[in-house]
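I am opening a notebook on a structure that is new to me. I want to write down what I look up, one topic at a time, beginning with the whole chain and moving on to single residues.

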Amino acid sequence: MTGRAALVLVYNHRYEKNIEILERIYADRFSHIYHLMPFYGGTRPNVIPVYENSYRFQGYMAQGLRDYFDERYDHYLFVADDLILNPVIDEHTYLEHLRLTPEASFLPKFVILHEVDHWWPRTVEAYKYRVDLLGAEVRNELPSHEEAMTAFKRHGLELQPLKFSQAFPPQFTARGRVHQLLRRVKHCLKRTKYTLSYPLVGSYSDFVVVSAQSIRQFCRYCGAFAATDLFVELAIPTALVLSCGRIVTEDDLALQGRALWTDEDRKVLDPFGVQLKTLLAAFPPTYLYLHPIKLSKWNTAL
């Protein structure tokens with residue numbers, strides 16, 4: 001089965017030099033390519049200017065919908081401009097490799113917030129998040145708390161209160177540590193439960209595929225979450241849960257994404273000598289994507 005896909009490249013910043021490079025990388029693989037670029041002022045018809053903080057790039061997807069939406073597409077592949085998809089992924093093969101059916105969407109992996117066993121600032125942000133933000137009237141644009149909980153259950157996602165250490169950031173000043181200690185004592189005495197005010201889930205969000213059936217509702221929720229300052233790694237997965245009937249993750253796939261955050265991680269790139277042509281020709285066959293790949297540091301001649 002072959003799907004009809006739109007490739008939507010998402011830029012955190014106005015890196016216009018990357019447009020041509022990414023077109024060369026993907027032109028033979030996707031017939032329909034769009035670029036979501038902050039504050040773009042050029043004339044390329046497939047580059048869509050967006051206006052939002054990059055920490056909330058779910059807002060790019062919402063703002064650009066009218067320009068990249070088309071009834072002929074079955075899926076929309078949102079790919080960060082510094083993420084390189086395995087070259088085996090194209091408009092003819094993505095359904096097979098991502099194990100998608102027309103109604104299904106894709107997300108790398110769910111991060112269940114109460115299960116996070118290390119310091120992650122997103123858990124603090126999730127605890128602080130409120131739908132009712134002054135100046136943003138979105139309560140009626142999102143499902144109710146009960147409806148959201150039903151959607152979470154439909155996807156097999158459990159929500160439990162956060163631990164104290166998940167709900168509050170570590171303190172590094174003497175005064176901060178005193179306040180933290182007093183807060184913890186209060187927590188112990190009252191046995192406080194740190195329950196989220198609105199159901200949220202986390203995920204790596206630099207590669208997401210949204211079905212045509214879900215794209216309008218997904219973007220509506222993305223816009224609401226952008227308006228209420230929700231960080232993208234909470235907003236996109238939650239919007240997908242609320243709008244999609246079925247979500248495939250890397251747990252279901254043979255190919256696995258590879259994040260390159262540490263010097264040890266980046267050693268996987270050593271064989272390619274910062275030559276983009278070499279990387280694409282000998283892309284590690286078990287990886288779905290490599291991220292981040294900063295194109296400004298590579299020889300991008302193809």
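**Entry 1: the chain as a whole**

I began with the contacts in the protein between residues at least 6 apart in sequence, and I found that 78% of them join residues at least 24 apart. I note here that I am working with a predicted model.

I then looked up the overall dimensions, and the C-alpha atoms fill a box of roughly 65 × 40 × 40 Å along the principal axes. For 302 residues a compact globule would have a radius of gyration near 19 Å, and the value of 20 Å for this protein agrees with that. Of the 302 residues, 54% are buried, while the surface that the protein exposes comes to about 15100 Å², with carbon and sulfur atoms supplying 51% of it. For the secondary structure I wrote down 11 helices and 12 strands.

**Entry 2: a sheet of three strands**

Next I picked out an open sheet in which three strands follow the order β5-β12-β11, with mixed pairing. Its edge strands are β5 (84–85) and β11 (256–259), each of which pairs on one side only. I followed β11 to its partner β12 (residues 287–291), and the two run in the parallel sense over three bridges; as a residue-level example, Gln256 has Tyr287 in β12 as its bridge partner.

**Entry 3: backbone details**

Continuing along the chain, I checked the peptide bond from His291 to Pro292, which is cis, with omega near 0 degrees. Pro292 itself belongs to the segment after β12.

I also looked up residues other than glycine with a positive phi, and I kept two of them for this entry. Phe39 has phi near 60 degrees and sits in the loop between β2 (33–38) and β3 (47–50). Arg99 has phi near 55 degrees, and its place is in the loop between α3 (94–98) and β6 (104–106). I added that Arg99 is partly exposed, at 49% relative accessibility.

**Entry 4: salt bridges**

How many salt bridges does the structure hold? My search gave 14, and I followed several of them in turn.

Arg4 pairs with Asp74, with the closest N and O atoms 3.1 Å apart. Arg4 comes from the segment before β1 (5–10) and Asp74 from the loop between α2 (58–68) and β4 (75–80), so this salt bridge ties together parts that are 70 residues apart in sequence. The relative accessible area of Arg4 is 48%, which I recorded as partly exposed.

Glu141 and Arg220 also meet in a salt bridge, at 2.4 Å from N to O. This pair links distant parts of the chain, with Glu141 in the loop between α4 (121–128) and α5 (145–154) and Arg220 in helix α8 (residues 215–227), 79 residues apart. Both side chains belong to partly exposed residues, Glu141 at 30% and Arg220 at 45%.

Lys267 and Glu264 form another salt bridge, with 3.2 Å between the closest N and O atoms. Here I found Lys267 partly exposed at 47%, whereas Glu264 is exposed at 54%. I closed this entry with Glu52, Arg56 and Asp229, which are linked in a network of salt bridges.

**Entry 5: cysteines**

Why does the sulfur of Cys219 form no bond with the closest cysteine sulfur? The closest one, in Cys222, is 5.8 Å away, which is too far for a bond. For Cys244 the closest cysteine sulfur is again in Cys222, and at 9.9 Å this is also too far. A search of the whole structure finds zero disulfides. I looked up how covered these residues are as well, and Cys219 is buried at 3% relative accessibility, as is Cys244 at 1%.

**Entry 6: one asparagine**

My last look was at Asn18, which lies in helix α1 (residues 17–26). Is Asn18 buried or exposed? With a relative accessible area of 10%, Asn18 is buried. Leaving aside residues up to four places away in sequence, I found that Asn18 touches Tyr11, Asp81 and Leu295.

Notes
Residues numbered from 1 in each chain as written. Predicted model: local features only at pLDDT ≥ 70, side-chain atom pairs only at ≥ 80, totals over all residues. Heavy atoms only, no water. Disulfide = S-S within 2.5 Å. Buried < 20%, exposed > 50% of the residue type's maximum accessible area, 1.4 Å probe, protein only. Salt bridge = Lys/Arg side-chain N within 4 Å of Asp/Glu carboxyl O. Helix = DSSP H or I, 4+ residues; strand = E, 2+ residues; numbered from the N terminus. Contact = heavy atoms within 4.5 Å. Rg over C-alpha atoms; globule rule 2.2 N^0.38 Å. Areas by Shrake-Rupley, 256 points an atom, 1.4 Å probe, with all protein chains shown as cover. Pairing = 2+ DSSP bridges.
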